[in-house]
Amino acid sequence: MASEHDEGRSGGVTAPQDGAAADSRTPDPKTAAAIAAAEAAGPQNGESVRVDSWIWAVRLIKTRSLGATACRGGHVRVNGERVKPAYSLRVGDEVRLRHEGRERVVVVKRLIRKRVGAPIAAQCYIDNSPPPAPREAVAPAGIRDRGAGRPTKRDRRELERLRGLEGLSRARKDAETRS
């Protein structure tokens, strides 16, 4: 028989009997602390967060300067419009980011300023991105064996054809015949 003191030690929370995950009812203490820190670091009422800072904070991009560069290059769109790095995000905005050959589409759920761990960062947005391309489709075409020596003219033309660079060899031929 458990006394009141025993219940206090266990925290008064019992494990779910139906096999459901324990963290569905109460979050892990470390996760809860990280979420609290992220909310404390977030903007106060009426304040905003820069788009380059937010995409860095939620780990969509490795560095903030890469985020600013992506914005300046037109790779970041908010609600369908190209934005500058200092654009102010709001909850509910749709952010489209083209980075490393992939397009990420996320909806802002929570605004944060400081970079947080991946589990907490994933709670700050809803990911609507298309699935990444399969590995086979991304594999490079026409890799020569190491130590095979310099490619012959025939080998070079085959490699260009595999890589889809046929137009370059034709352009070279045309330039040579003109001179």
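Which two side chains meet in a salt bridge at 3.7 Å, N to O? In this predicted model, the partners are Arg154 and Glu158, and their positions in the sequence bear directly on how the contact arises. Both residues belong to helix H7, which spans residues 153–163, and because they are four residues apart there, they are separated by about one helical turn. Their surroundings can be described as well: Arg154 counts as exposed, with a relative accessibility of 63%, while Glu158, at 32%, counts as partly exposed. Side chains of opposite charge can pair when their charged atoms come close.

A contact of another kind, between strands, is found where Asp127 forms a salt bridge with Arg104, the closest N and O atoms lying 3.0 Å apart. Here Asp127 sits in strand E7 (residues 125–127) and Arg104 in strand E6 (residues 102–108), so the pair ties together parts of the chain that are 23 residues apart in sequence. As for accessibility, Asp127 is partly exposed, with a relative accessible area of 37%, whereas Arg104, at 16% relative accessibility, counts as buried, because the cut-off for that class is a value under 20%.

The pairing of Glu94 with Arg96 is again a salt bridge, and its closest N and O atoms are 3.6 Å apart. Glu94 has a relative accessible area of 26% and is therefore partly exposed; Arg96, at 29% relative accessibility, is likewise classed as partly exposed.

Beyond these pairs, Arg50, Asp52 and Arg64 are linked to one another in a network of salt bridges. Taken over the model, the count of salt bridges comes to seven, and the contacts described above, including the one between Arg154 and Glu158, are salt bridges of this kind.

The cysteines give another view of the structure. How many disulfides does the count come to? The count comes to zero disulfides, where the rule asks for a pair of cysteine sulfur atoms within 2.5 Å. Two cysteines can nevertheless be placed by their accessibility: Cys71 has a relative accessibility of 3% and so counts as buried, and Cys124 is buried too, with a relative accessible area of 0%.

Note on methods:
Residues numbered from 1 in each chain as written. Predicted model: local features only at pLDDT ≥ 70, side-chain atom pairs only at ≥ 80, totals over all residues. Heavy atoms only, no water. Buried < 20%, exposed > 50% of the residue type's maximum accessible area, 1.4 Å probe, protein only. Salt bridge = Lys/Arg side-chain N within 4 Å of Asp/Glu carboxyl O. Helix = DSSP H or I, 4+ residues; strand = E, 2+ residues; numbered from the N terminus.
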